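Colleague: I have just opened this one and have not looked at it before. Could you walk me through it?

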Amino acid sequence: MSVKKELLTGNDVVLKAALLAGAEYFAGYPITPSTEIMNGWAREAAKNPKLLFLQTEDETSAGMAVIGGLLAGKKTWTVTSGVGHILIQDPLVLAETLSLPFVMYVGQRGGPSTGTVIYSQQELNLARYGGNSEGLRVVYAPSNIQELFEITQKAFHTAWRYRLPTIILGDGYLTKTLSPVDTSRVLPQEPAEAIFLNKEVKNLRNCFSREDELAEHLNILFAKYASASRQIVESESYKTNDARVVIFAWGTVGFAAKVAVHNLRKENKRVGLFRPITMRPFDDRGAIKAVKNADKILIAESSGGQFGRIVRETLTQSTDAEYIRLYKPAEGITPEEIEAKIKEVY
Amino acid sequence: MEPRYPHCVNPKTKPSNFCPGCGYGIILKTLGEVIDELEIAPRTVFAVDIGCNLLAWNYYKLDTIQTHHGRVTPLSVGYKRANRESVTIGIAGDGGLYAIGLQSFLHAAHRDDPVTIIGVNNTIYAMTGGQLAPTSLYGQITDSSPEGKFTYEKPVLGPELAKDMAGPSAYLARASILNIPQMKQMLKSAIERQIGGHFSFVEIMSYCPTNWKTDAKQSIEALEKLEETFKLGVING
Amino acid sequence: MVKKDIYKILIAGEGGQGIQSIAHILAKAAYECGHNVSYMPNYGVEQRGGVSLGFIQLGKGPIGFPKFAKADLLVVMCERAIERTEQYISQETLYLYDADLISSIKLSGIRAEKLPIPATSTASKKLDPKVFNIILLGAIVNEIGIIKNKMVENALGENFADKYVLKPQLRNLNLKALDMGQKLAQEVYKNGK
């Protein structure tokens, strides 16, 4: 397969990848910085009668319309951000309890509340456990535009193969940045089938009368999730084998950290990076393995510690390393800043 | 002799869990007859939310989705867009249509989405035990208005409200369980209007003996009185 | 400018001055020259006015993050952007600005090598007021040194394709503006700073 390089923005790439994955129906509501994706889809749908588009009256309705589309067997998806993300978690938990392949792209922006329209990594908790969720969804975190292109396709694949709501958790910087990307890397499409008006009649409920009925339903879901997790979980450990300082970072900050490690290694510093690619399910084992020789762990994120809490909880029995926090809520973190922080202690 | 149910009704889930004397029994059976007579069962999809209608989740041998409060309309709209050949029917109560679901209800009318929404109006939030509804009458005593004191003078009149936002070809009507032939005709017309490509809505006045704390005779009398405020008939189309 | 693996360029001005257009053109041209490139627009919620920023990185090296802490080349096009962009100045930053829109007094606190370009007056007197930002683009291209003029011309053509169809004379106007910008930058060096 020959390389095909194009200069595209994150928004362009999400749209392109979704179409390559077989997306046919988009229901959504505009919110910065994800609106361009919706506009792009509307333009495509105007040209192609096989594509469906609905701008709803709010995000909760959008998510419910997505569920309608999924029941009809169409690969249906949406995009959102910030407070819109909060509202979509409502239909998302319906998808969670019904095991529906609900796919959405989230371009994180500043929070809480309206925050900024720009950037953050503050929607991690919301993506992983938003709504009254038990976290039975998949959350992917691309770290650069190439990964965004491949992961967006993979999200549709995962959602439809394992019947799990799947979120592509990007951010406003990634979405708006123009960079080169190789668009020849296309995944084969996962087949879609209608749930309603197909084979046997189905009566789907999300409300149970008795505690034990719900418990039984949940136990089935938990078992399915655990089994699927083994296939889905993904992370990157970069130069962690002999690392004395291990950086934990994700998304675009994860890529900045990788460049920082690359630079510090040129100065012979034993630094490594653990970067989760799936934030749910989380690669606990990979994280524990990455810190086996570490005496310091640097957690870098554009939030007040949402990722840090996951890291510390995961590693609680597995390390005596000292934690260093580089928390910059709603602000970006450059490779230089990470390098400088490490040089303070090493 | 066995009571005869419409074919599309699921006999295995009977008797249903509705309260004795609930209007839903009449409504759902009548709707079932209409579905049978129009021969649309193989392409009908049914949506309910978490009002008392949630108990209808397995009432029919029809693909049914029970969704969140107020989201019957957007889910039905979303589904219908992806399957134009289907007949999509959503049922919701006063809260699901006129409170939390009002926005979606009006926008579906505004977009002329070809779905059929059935609104069961008993002027109270029954599933949660009897709170104030947008359709409660001025001075009505409910759990959340124990002295009958609240701000609005007029109840929400659903079909009339939708008329302003709906397209000219929408079907908007109000029926009552006290007049089953008229209700049946309206349900039929509504579904036919959906098949013709337009938004259709039937509000059905119903009683709730459990929360109204009325016996059979009182329930009927109270409902007859309500029909003075909520006038039966075709409002549009 | 000192040779670098990656050049970090920050363009700042008022919404409406065409900052994002020239940033986009610069990024495209660099890409067509075979460089690695990243361009990210950055602004707040106002639909009009407000300071608009364009972060561009280009060159042979890897690009770690779409935003950066210090700019190699800072291009300032309005007075409101002076304060907004102070944090991006380091000892090595080259401070390029429109000398007609920004008085040097306002820059007295700026500790950086300055490159004043009379883009607005030159555009008004010799070309067309609209192309002052293309003049600045010319100066930028001159300073970076690794972007071929041909690629910039192509990128201009792509960006303004619709406008060129309606007004074909715009193409030449833009090319003249680009050329003028480069000459103005070179003159500053000739005259000593």
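**A strand in chain B**

Modeller: Let me begin with one strand of this predicted model: from E1(B), the residues B:Thr44, B:Phe46 and B:Val48 point one way, while B:Val45 and B:Ala47 point the other way, and all are buried.

Colleague: What does that say about how E1(B) sits relative to the rest of the structure?

Modeller: Strand E1 of chain B covers residues 44-48, and five of the five are buried, so the strand is largely enclosed by the rest of the structure.

Colleague: And which strands does E1(B) pair with?

Modeller: E1(B) is joined by four bridges to strand E3 (residues 87-93) of chain B, and the two run parallel; B:Thr44, for instance, has B:Val87 as its bridge partner in E3(B). Four bridges also join E1(B) to E2(B), again in parallel, and there B:Phe46 stands opposite B:Thr64.

Colleague: Does anything outside chain B pair with E2(B), and if so, what?

Modeller: Strand E9 (residues 203-204) of chain A pairs with E2(B) in the parallel sense over two bridges, and within that pairing B:Ile65 is the bridge partner of A:Leu204.

Colleague: Then let's talk about how the chains meet. Which pair of chains shares the most contacts?

Modeller: Two pairs of chains are in contact, and of these chains A and B share the most contacts. On that interface, 28 residues of chain B are in contact with 29 residues of chain A.

Colleague: Which parts of chain B make up its side of that?

Modeller: Strand E2 (63-66), helix H2 (72-82) and helix H4 (102-111) of chain B each supply at least two residues of the side that touches chain A, and the largest share, eight residues, comes from H2(B). By residue type, this side of chain B divides into 11 nonpolar, 12 polar and five charged.

Colleague: How about chain C, what is in contact with it?

Modeller: Chain A is: 18 of its residues are in contact with 18 residues of chain C. On the chain A side, H7, strand E8 (178-182), helix H9 (251-266) and helix H12 (335-345) each supply at least two residues, with the largest share, four residues, coming from H9(A). That side of chain A divides into 10 nonpolar, five polar and three charged residues.

Colleague: And how far apart are chain B and chain C?

Modeller: Chain B and chain C do not touch, and their nearest C-alpha atoms are 26 Å apart.

Colleague: Changing topic, what does the domain assignment give for chain A?

Modeller: The assignment gives domain 1 (5-232) and domain 2 (236-345), and the C-alpha centres of these two domains of chain A lie 27 Å apart. Where they meet, 25 residues of domain 1 are in contact with 21 residues of domain 2. Of the elements on the domain 1 side, H5(A) gives the largest share, four residues, and that side divides into 11 nonpolar, 11 polar and three charged residues.

Colleague: How many residues are in the largest nonpolar core?

Modeller: The largest nonpolar core has 243 residues, and those with the most contacts inside it are A:Ile247, C:Val75, C:Ile135, C:Leu136 and C:Ile140. Domain 1 and domain 2 of chain A both give residues to this core, so it lies between them.

Colleague: What is A:Ile247 in contact with?

Modeller: Leaving aside its neighbours within four places in sequence, A:Ile247 is in contact with several residues, including A:Ala257, A:Val261, A:Leu273 and A:Ile338. As general background, nonpolar side chains tend to be buried together in soluble globular proteins.

Colleague: Back to chain B for a moment: is B:Thr116 buried or exposed?

Modeller: B:Thr116, which is found in strand E4 (residues 116-121) of chain B, has 27 C-beta neighbours inside 10 Å and therefore counts as buried. B:Thr116 and B:Ile89 are 27 residues apart in sequence, yet their C-alpha atoms are 4.8 Å apart in space. Beyond residues up to four places away in sequence, B:Thr116 touches B:Ile89, B:Ala190, B:Ile191, B:Gln194 and B:Ser200.

Colleague: Last thing, what are the confidence scores?

Modeller: The model scores ipTM 0.92 and pTM 0.94. For chain C, the pLDDT averages 93, and 97% of the residues score at least 70. Within chain C, confidence is lowest in helix H6 (residues 161-166), at a mean of 92, and highest in strand E4 (residues 73-76), at 98.

Notes. Residues are numbered from 1 along each chain as its sequence is written. Chains are lettered from A and ligands numbered from 1 in the order in which they are written. This is a predicted model: local features need pLDDT of at least 70, side-chain atom pairs count only at pLDDT 80 or more; totals for chains, interfaces and linings use all residues. Two residues are in contact if their C-beta atoms, placed from the backbone, lie within 7 Å. pLDDT is the predictor's confidence in each residue, from 0 to 100. A nonpolar core is a set of buried Ala, Val, Leu, Ile, Met, Phe, Trp, Tyr and Cys residues joined through C-beta atoms within 7 Å. A residue is buried if 20 or more other C-beta atoms lie within 10 Å of its own, exposed if 12 or fewer, and partly exposed in between; C-beta atoms are placed from the backbone. Domain bounds come from an automatic or database domain assignment. Ala, Val, Leu, Ile, Met, Phe, Trp, Tyr, Cys and Pro count as nonpolar, Asp, Glu, Lys and Arg as charged, and the others, Gly among them, as polar. Two strands pair if DSSP finds at least two bridges between them.
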